[in-house]
Amino acid sequence: DCVVYINNARWIMHTKRPFFNPHHLHFEITSVKFHELIKKHMGKYGFTNIVFNLRLRSLLIAATGIFALTLLLLKLTGNYFLAILGIILAGFSHGYLYNAAKVDTGIFPLAWLSVSLLLFYELTTKKHKLKLYLTSLFLGISFFIGIMFHQYYMIFVIAVLSTFFIPDFIFKIKLFKKSFEIKTKEKSASLFSKSIKERIKSFLIISVITAILTAGAYFWVGAVYYKLPLKKNHRAKKASIWQYLTFQQWIFAYQSFQSKEWGQGIKQFNPRYIFHGLTDAFLSRKNLVKYKKGKKFIYNLKKPYSLKHVGHNSLALFLLIFIAFILLFSVSAFKRYKYVFVAVFLSFIMFTVLSIYWEPFYFEFWLIPCKLMIILFIMYAHILGEKLKPLFLKFSHIPVYLVLVFFTFTFTLHNFKYHLIPHAFNLAVEGVGKMEAKKYTVYFRLPFYKYPYDPYRFFKLKRIKKRKFNDFLYQQVNARRR
């Protein structure tokens with residue numbers, strides 16, 4: 001996929017004609033613009049290779065997502081340590097690490113989710129009309145950007161907008177005795193909470209902005225630029241691989257393809273596939289393989305203290321605690337975090353269903369459920385710390401910190417050992433045939449691994465002959481095989 005996306009960008013530069021994939025409308029055209037921008041301003045420092053520059057772009061959007069997630073968790077909990085532990089859990093998860101250095105689409109909606117959630121949180125706290133309307137405008141634009149990053153971002157948009165119909169008095173219903181309630185500082189109600197009229201206005205602003213921008217973008221590309229018909233199929237010359245599709249078929253292109261893999265998760269339901277996909281989103285496999293279907297689980301609960309299985313056994317414990325948190329603290333989280341909790345929890349459910357249905361085995365579609373699970377875990381952990389105040393007073397969050405430190409340490413250490421370190425020196429490319437392996441390895445690894453055991457040498461030399469590098473690469477691959 002990475003090679004295809006890069007070649008699409010190179011095709012655009014060669015033909016001077018845009019190319020648009022309906023699943024992620026922005027990707028190829030913005031790839032070219034970003035590459036040209038970096039090459040123009042930083043080319044003299046060595047930033048001339050398109051693969052290198054597009055990987056840099058993925059890294060920048062990943063960093064943006066981490067920054068926004070830090071602010072979100074800090075605003076939700078008011079606790080710096082919880083926010084830091086949360087971003088380590090999210091940022092050093094296998095799915096986030098892997099996609100942050102990859103020329104692929106996955107990191108864009110994954111990272112941008114934090115930005116949209118942060119804007120939604122700000123929206124629910126505004127007390128002045130002008131600020132409420134401006135934040136609504138920015139949130140609508142944020143939703144549009146997210147949909148351009150990937151079509152399935154619409155699921156998150158629907159989840160957030162559905163919270164606008166929840167009446168505020170529901171959050172004030174008391175279900176427990178006073179002693180069990182969390183005491184928080186009373187704050188004046190935001191305009192979003194107390195005024196249904198203003199909330200409806202905000203809903204309309206967000207919906208209209210998102211709908212106009214999204215529909216306009218798809219209509220211009222499909223109907224104006226590609227000239228795809230609405231009813232009858234015909235050949236559209238500018239539409240390249242989409243030339244025999246109607247406008248509707250183009251928008252839902254992937255759903256229209258006949259595939260034995262996509263969209264078969266419900267019909268061919270297998271819980272093992274679900275656990276494989278979710279596990280890979282958190283933790284790297286111990287071999288260098290990322291996508292091939294495995295047959296064995298690496299969990300070993302019979303040996304819970306085994307160092308060999310500590311990463312996966314820790315994840316099993318994390319999942320069990322998460323389920324316990326849902327059962328014990330969802331009501332408290334509902335009342336404490338209100339609309340944001342509902343949006344996150346509903347998004348988690350909807351994206352999980354999509355992952356199970358579309359491609360349960362591969363971790364690509366488990367990236368967002370993994371991140372939402374971590375956000376929910378931090379919310380629940382903060383509530384647990386507050387409920388422990390009668391017992392531990394000012395030190396009530398320390399047990400929570402210890403648990404989270406354990407998970408961040410084991411997950412991060414596992415992914416360093418089995419993902420970051422081995423892939424820094426891995427000279428093989430997965431997903432291509434044996435005959436093409438050498439060709440793609442040279443093509444794909446050239447910008448980063450001219451000297452894999454001396455990476456900074458890239459910046460020391462002005463030019464290296466490609467033939468010599470190919471010989472070096474061939475020797476390294478054979479050495480690893482032996």
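Axes here are lines fitted to C-alpha atoms, for helices over the stretch in contact, and the angles between N-to-C directions run from 0 to 180 degrees. In this predicted model, helix 7 (residues 129-149) and helix 8 (residues 153-162) have axes that come within 8 Å and cross at roughly 155°. Angles over 145 degrees count as roughly antiparallel, so that is how helix 7 and helix 8 sit relative to each other. On the helix 7 side, the residues that meet helix 8 are Ser142, Phe143, Gly146 and Ile147. Their partners in helix 8 are Tyr153, Met154, Phe156, Val157, Val160 and Leu161. Sorted by class, this contact has eight nonpolar residues, two polar ones and no charged ones.

Helix 7 also turns up at the surface. A nonpolar patch there is formed by Leu130, Leu134, Phe138, Ile141 and Leu213, which together have about 440 Å² of accessible area. Four residues of the patch come from helix 7, the largest share, and Ile141 is one of the residues in that helix.

Another pair of helices is arranged at its own angle. Helix 2 (residues 27-42) packs against helix 3 (residues 50-77) at about 105°, with the axes 9 Å apart. That angle makes helix 2 roughly perpendicular to helix 3. From helix 2, Phe27, Thr30, Ser31, Phe34, His35, Ile38 and Lys39 take part in the contact. They meet Ile50, Asn53, Leu54, Arg57 and Leu60 in helix 3. The mix of classes in this contact is six nonpolar, four polar and two charged residues.

Notes: Residues are numbered from 1 along each chain as its sequence is written. This is a predicted model: local features need pLDDT of at least 70, side-chain atom pairs count only at pLDDT 80 or more; totals for chains, interfaces and linings use all residues. Side-chain values use heavy atoms; hydrogens and water are left out. Helices (H or I, at least four residues) and strands (E, at least two) are DSSP runs, numbered from the N terminus. Angles under 35 degrees count as roughly parallel, over 145 as roughly antiparallel, 65 to 115 as roughly perpendicular and the rest as oblique. Contact means heavy atoms within 4.5 Å. Ala, Val, Leu, Ile, Met, Phe, Trp, Tyr, Cys and Pro count as nonpolar, Asp, Glu, Lys and Arg as charged, and the others, Gly among them, as polar. Patches are made of residues with over 30% relative accessible area and no salt bridge: like charges are joined within 9 Å, nonpolar side chains (Val, Leu, Ile, Met, Phe, Trp, Tyr) within 5 Å. Accessible areas come from the Shrake-Rupley method with a 1.4 Å probe; for residues, only the protein chains shown count as cover. A salt bridge is a side-chain nitrogen of Lys or Arg within 4 Å of a carboxyl oxygen of Asp or Glu.
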